[in-house]
Amino acid sequence: MEKLTYSHDSAAAETLAAYYETPPMAYVRSYGCQQNVNDGEKIRGVLQDVGFGLCDSLEDADLILFNTCAVREHAEQRVFGNIGALKKLKEQNPKLVIGVCGCMAQQPHIVEKLRQSYPYVDLVFGVDGIDRLPAMLAERLRRGKRYLQMPEQRNAVVEELPIRRDSGFRAWLPIMYGCDNFCTYCIVPYVRGRERSREPGAILAEFRGLVANGYKEITLLGQNVNSYGKGLAQPVDFADLLNLLCEVPGDYQIRFMTSHPKDASRKLIDTIAAQPHLCKHIHLPVQSGSDRVLQQMNRRYTAEQYKELVRYARQKIPGVTFSSDIIVGFPGETEEDFSATLDLVREVGYMQLFTFIYSKRSGTPAARMPDPVTHAEKAARMERLLRVQDEYAFAAVAAMAGQTVRVLVEAAGRTPGTCNGRLDNNLVVEFPAPESLIGQWAQVRLTGSRAALLVGELAQENTTETEV
Ligand code: SAH
Ligand code: SF4
Ligand code: F3S
């Protein structure tokens, strides 16, 4: 694995400055998971580093960059739709540069489609090209020709990329890149490449910087954080990393995603129980409750092993809550398999569930499996799953009324005059509060709920200082 450090590309910056008459503006939009959102923040950082300003509207942009997601077909269609809509802008402003990067751009058939059917797309590069973006952009401007990079896998970790974070109080912190699990339905290992962990020292330095800058919530990112540390010179696992980070003094909380159930260790659970900085919520995607389907998915755990892990965590971590991802209609999923999923969902009791109808991804093993169940039947199963989930979650959320909890105030609420705050267990509460509270901790008394949303009011305790 290559270890690289970003350096400012002054030649590219000069080319860009010479090309644009006024300081150029960039519009960057990220689709998909938090990893991609974090990449988008680095793309903005790198663009600023070579002289771009950032804008929120397509019309103001000299450079438009879509940082894409390939996980499901729907995500890809949305991107193509959005790229299609740029044609008019390009006609109005021939100097506009349009770029597509991220996971979709790691697939040869997508790059080919962009080449043939979207001639106004100027720049295409994959997930590992962010440090070289200034050079690619300069090359595109110098040559006056499209720059379409065929997908490559660099197997590198690039440190010290400039970053322009979206939030001043919540931050994403990648601890590893890529995935080696090859779940049979999933495109991620093909587009994101082999798993590579960052050095603990580099993660700690970034973490310290975030805490020093007042960040209150830091979410550690990786496709399978539980296999953190593989391949590093020093022996270190994910629980060790958490313990190392929790030694940093400050008033912050740590979340992480995603935990793969096959690698979630008792040591990890014990660490969550012991460390006050760690949120008592675990996102633990189960995907299916049927052992047969789990095996076909190459998930490498059984429903019973999963439930055993949940039981252990419940016993060790008072009040812990779980969320999960579920795929409905995996190729060959029978009614019996699906019932096993419903049973598991009922038994575990998830506060939140992210549900997806299986989407065929070309190049993955599942794409070659017989898939006789109709889309209508899959959609009907999805409806049933959502009903089971809502029944549990709405009741569990309602049962929290009366408690007073500490929340991180995240954003304005939907109801005018309110804010949304996130609890340690990842639920959201809406309560009357001024927007000046956004980014602060607050004590909130829970008074009730609307579906999965808690409602509450600021508690008296806010007048005194609160501690973790
Ligand atoms: N690494 C994480 C999540 C990766 S993608 C994990 O292992 O849990 C996020 C979610 O998208 C997955 O958990 C899965 O539920 C869903 N997903 C991935 N590929 C899919 C596909 N081909 N069709 C439908 N859902 C998919
Ligand atoms: Fe995809 Fe499985 Fe890797 Fe998650 S662990 S990214 S679902 S292959
Ligand atoms: Fe999508 Fe790539 Fe993330 S495929 S889910 S953006 S790793």
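Select Tyr185 and ligand 1 to begin: a backbone N or O atom of Tyr185 sits 3.0 Å from a nitrogen atom of the ligand. That pair is a polar contact, meaning two N or O atoms within 3.5 Å; within protein, one must be able to donate a hydrogen and the other to accept it, and residues adjacent in sequence count only if both atoms are side-chain atoms. You are looking at a predicted model, where local features need pLDDT of at least 70 and side-chain atom pairs count only at pLDDT 80 or more, while totals for chains, interfaces and linings use all residues. Residues are numbered from 1 along each chain as its sequence is written, chains are lettered from A and ligands numbered from 1 in the order in which they are written, and side-chain values use heavy atoms, with hydrogens and water left out.

**Around ligand 1**

Now add Gln287, where an N or O atom of the side chain is 2.7 Å from an oxygen atom of ligand 1. Next pick Ser359: one of its polar backbone atoms lies 2.8 Å from a nitrogen atom of ligand 1. How much of ligand 1 does the protein cover? On its own the ligand has 530 Å² of accessible area, and the protein covers 90% of it (Shrake-Rupley method, 1.4 Å probe; for residues, only the protein chains shown count as cover).

Show the whole shell next, taking residues with a heavy atom within 4 Å of the ligand. You should find 15 residues, with Arg72, Gln223, Gln287, Asp325 and Ser359 the closest. Colour them by type and you get 7 nonpolar, 4 polar and 4 charged. Here Ala, Val, Leu, Ile, Met, Phe, Trp, Tyr, Cys and Pro count as nonpolar, Asp, Glu, Lys and Arg as charged, and the others, Gly among them, as polar. Domain 2 (167-279) and domain 3 (281-398) each give at least three residues to this shell; their bounds come from an automatic or database domain assignment.

**Ligands 2 and 3**

Move to ligand 2 and select its surroundings, among them Cys179, Cys183, Cys186, Tyr185 and Gln223. This shell divides into 7 nonpolar, 3 polar and 1 charged.

For ligand 3, select Cys33, Asn36, Cys69, Ala70, Val71, Cys103, Arg192 and Gln223. The split there is 5 nonpolar, 2 polar and 1 charged.

**Two sheets**

Switch to cartoon view. Strands are DSSP runs of E with at least two residues, helices are runs of H or I with at least four, and both are numbered from the N terminus. Two strands pair if DSSP finds at least two bridges between them.

Three strands form an open parallel sheet in the order 9-12-13. Strand 9 (170-174) and strand 13 (253-257) are at the edges with a single partner each, so one side of each has no neighbour in the sheet. Strand 12 (residues 217-221) pairs with strand 13 in parallel over 5 bridges; click Thr219 to see Arg255 of strand 13 opposite.

Just past strand 13, zoom in on the cis peptide bond between Met257 and Thr258, with omega about 10 degrees. Thr258 belongs to the loop between strand 13 and helix 10 (266-274).

The other stop is an open parallel sheet of 6 strands, ordered 3-2-4-5-6-7. Strand 6 (residues 123-125) and strand 7 run parallel, joined by 2 bridges, and Val124 faces Leu148 of strand 7.

Finish at Asn155, in the loop between strand 7 (147-148) and strand 8 (156-159). Its phi is near 50 degrees, a positive value in a residue other than glycine.
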